Amino acid sequence: MKYVVVSGGVVSGLGKGVTASSIGLILKSCGFRVTAIKIDPYLNIDAGTMSPIEHGEVYVLDDGGEVDLDLGNYERFMDIKLTRENNITTGKVYKHVLEKERRGDYLGKTVQVVPHITDAIQEWIERAAKIPVDGQSGPADVCVIELGGTIGDIESMPFIEALGQFSYRVGSENFCLIHVSLVPVLNVVGEQASLLRLVTFGVFILTMSNIMWSNCLQKTKPTQHSVKDLRGLGLSPNILACRSTKPLEDNVKAKLSQFCQVPMENIVTLYDCPNIWHIPLLLKEQKAHEAILHVLNLTGIAKEPALEEWSLMAKMSDKLHVPVRIAVVGKYTELLDSYLSIHKALLHASVARRKKLVIDWIPASDLEQGAKKENPDAYKAAWKLLKGADGILVPGGFGNRGVQGKILAGKHARENKVPYLGICLGMQLAVVEYARNVLGLADANSAELDPNTKNPCVIFMPEGSTTHMGGTMRLGSRRTYFQSKDSKSAKLYGNRSFVDERHRHRYEVNPAMVTRFESSGLTFPGKDETGQRMEIVELPNHPFYVGAQFHPEYKSRPGKPSPLFLGLIGAASGELDNVLQQSCQESVVSRPHSNGKLERLYWKGAAKKPVSVVYSVCDRVCS
């Protein structure tokens, strides 16, 4: 097993996750099987109980793991399915060690950070790296490991020590460290001041025509100090990935090479790009893959990176100009990472329909009557955005704040025939809105929001825990069975009999009220295996009014958009009939092909044998 570790220095938020994902994509395009691990130094067992505003979205895996959003980037870029074991946290490691201590596994020894915690970290890495994540048997060839946080953070110290020991254990030919750092670009204020002083003293060395006031300098000192700190902790970077607003100049690379002791050819720039799909292409252009393969002694067996399809998709995304405007009405809109998978799923679908995505992020509470009195400008602006949207999406969430605004958004979409997609809580509130304004149940509500309501449209699931929050929801991949093939959602999924999607919820639509809803026109075309748990809700007489109890955004991929998001974008663009026709004509299964592209098996009509078609991502996207 080969290991590529991605660390970060100077400041947080440099894009280590995208860098790690891009490295994984490049190595996969070179013909290697790749897996990924994210190390998060916080004490939480997992991300499940963390606020999205503080930490970004909670990403859910097939096995029900609630993990850091970076694992979503790994899955989207590398098209793999990770497990909860692929997210290591300080809380998990200490819990594991303390449980062993309570069992007496350490035979009376004093349990310490070194060696017990560091050994546990190394064992976890080795164990998780061997888990197949690409649908094939056996372990991957390369494991990409992202070390969360910034070098120098006190909570990262045990992991850095463990990685130092790990690099020695596995050998230098099996361990490559890529350090992501910041090279800031500063205006030459100091130089301007110096020249002015020279002018003041009558020393005219340069004419004003030769003075470039707009010049900027790339400063290497932060990266130098970051690498110095890293070396002091026992790790030496093989490659530097420098974040900057523009490509590094040769003299800057030479300076970094000299002071950081990294070859110039192993220093790459991750400069600002129109979208993150360009990052793997940047790395390839600067031959980062060659540096990695050289360190790992894989040069002789690697293929040339096959990123032509990815490149076409990235360039096509930049050229899209026909807009589709989607209003996302949420309660965590102050941090857009709270809805990262939502954003990416909308992007995948809009690119597939060759539309330029425009998202209006609307705080749900700004749509409520209270905002009209307390902040009339925000209220007016929010409603203007909502009424100007081509489609409306109401994502999941917890708690009372913003709920009435989400209900109002659903009401607006239903009454004005605006395409609507509700996810998790967004689906539940669509049901509540329908009960209030169509069935006439004025006090209808969710038991989560009003435990005393006389008309609970949404109830607590019997198997849920009322005492513990972490890991106690209905989580992970669950099967939804379509009740008929006439619904829009069934057609979007290719008229399959069932679909597996990821869940994260404690409450569900009250099965006792389903008959009443259905008799008034609200349908539930998707249910669980028992037929008692509502998974999909639709209004048949609406252009597109769909709610899903599951989270379809988690399985959306570039070139393979989520069907429900594709339906929303299609409806918002006035092209839903075309989308449904394309989806209904084919039942499709995708699998990797030996030439690095994808093979899709099509079942057309009553054919018993599938037709095999090998195609490129952009052939599918552009069709």
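This briefing describes a sheet, a helix that lies across part of it, and two buried loop residues. The structure is a predicted model. Its nine-stranded sheet is open and of mixed pairing, and helix H15 lies across three of the strands, E12, E13 and E14. The loop residues are aspartate 68, between strand E4 and helix H3, and glycine 148, between strand E6 and helix H6.

**The nine-stranded sheet**

- The strands follow one another in the order E13-E12-E14-E15-E23-E22-E21-E18-E19, and together they form an open sheet with mixed pairing.
- Strands E13 and E19 (498-505) stand at the edges, and because each has a single partner strand, one side of each is left without a neighbour in the sheet.
- On average, and with direction ignored, neighbouring strands of this sheet are turned by 25 degrees against each other.
- Strands E14 and E15 (residues 420-423) run parallel and are joined by three bridges, and the bridge partner of isoleucine 392 is tyrosine 420 in E15.
- Strand E18 (residues 474-482) runs antiparallel to E19, to which eight bridges join it, and in this region glycine 476 stands opposite histidine 503 of E19.
- Strand E18 also pairs with strand E21 (residues 523-527), again in the antiparallel sense, over two bridges, with phenylalanine 482 standing opposite glycine 526 of E21.

**Helices on the sheet**

- Helix H13 (residues 340-352) packs on the sheet, where it touches E12, E13, E14 and E15, and its direction makes about 150 degrees with that of E13.
- Helix H15 lies across E12, E13 and E14, and runs at about 145 degrees to E13.

**Helix H15 in detail**

- Helix H15 has 12 residues (residues 376-387), which at 1.5 Å a residue should span 16 Å, and the end C-alpha atoms are indeed 16 Å apart, in agreement with that expectation.
- The buried residues of H15 include Ala378, Tyr379, Ala382, Trp383 and Leu386, and because they cover an arc of only 125 degrees around the axis, they fall on the same side of the helix.
- This arrangement can be read against the general geometry of an α-helix, which has 3.6 residues a turn, so that residues three or four places apart point the same way.
- Exposed residues Asp377, Lys380, Lys384 and Lys387 are carried by the face of H15 that is turned away from its buried side.
- The cover over the buried residues of H15 includes strands E12 (323-330), E13 (356-363) and E14 (391-394), together with helices H14 (369-374) and H16 (403-415).

**Aspartate 68**

- Aspartate 68 is found in the loop between strand E4 (66-67) and helix H3 (70-78), and its relative accessibility of 3% counts as buried because the limit for that class is under 20%.
- The side chain of aspartate 68 makes a polar contact of 3.0 Å with the side chain of lysine 38, while a polar atom of the aspartate 68 side chain lies 2.9 Å from the backbone nitrogen of aspartate 70.
- Leaving aside residues up to four places away in sequence, aspartate 68 touches Lys38, Asp40, Tyr42, Ala47, His55, Tyr59 and Asn87.

**Glycine 148**

- Glycine 148 lies in the loop between strand E6 (142-147) and helix H6 (157-170), and is buried, with a relative accessible area of 4%.
- Although glycine 148 and valine 6 are 142 residues apart in sequence, their C-alpha atoms are 8.8 Å apart in space.
- Beyond residues up to four places away in sequence, glycine 148 touches Lys16, Lys38, Ile39, Pro41 and Ser156.

Note on methods: Residues numbered from 1 in each chain as written. Predicted model: local features only at pLDDT ≥ 70, side-chain atom pairs only at ≥ 80, totals over all residues. Heavy atoms only, no water. Helix = DSSP H or I, 4+ residues; strand = E, 2+ residues; numbered from the N terminus. Expected span 1.5 Å × (residues − 1). Buried < 20%, exposed > 50% of the residue type's maximum accessible area, 1.4 Å probe, protein only. Arc of directions from axis to C-beta. Contact = heavy atoms within 4.5 Å. Pairing = 2+ DSSP bridges. Axes fitted to C-alpha atoms, helices over the stretch in contact; angles between N-to-C directions. Polar contact = N/O pair within 3.5 Å; in protein donor to acceptor, adjacent residues only side chain to side chain.
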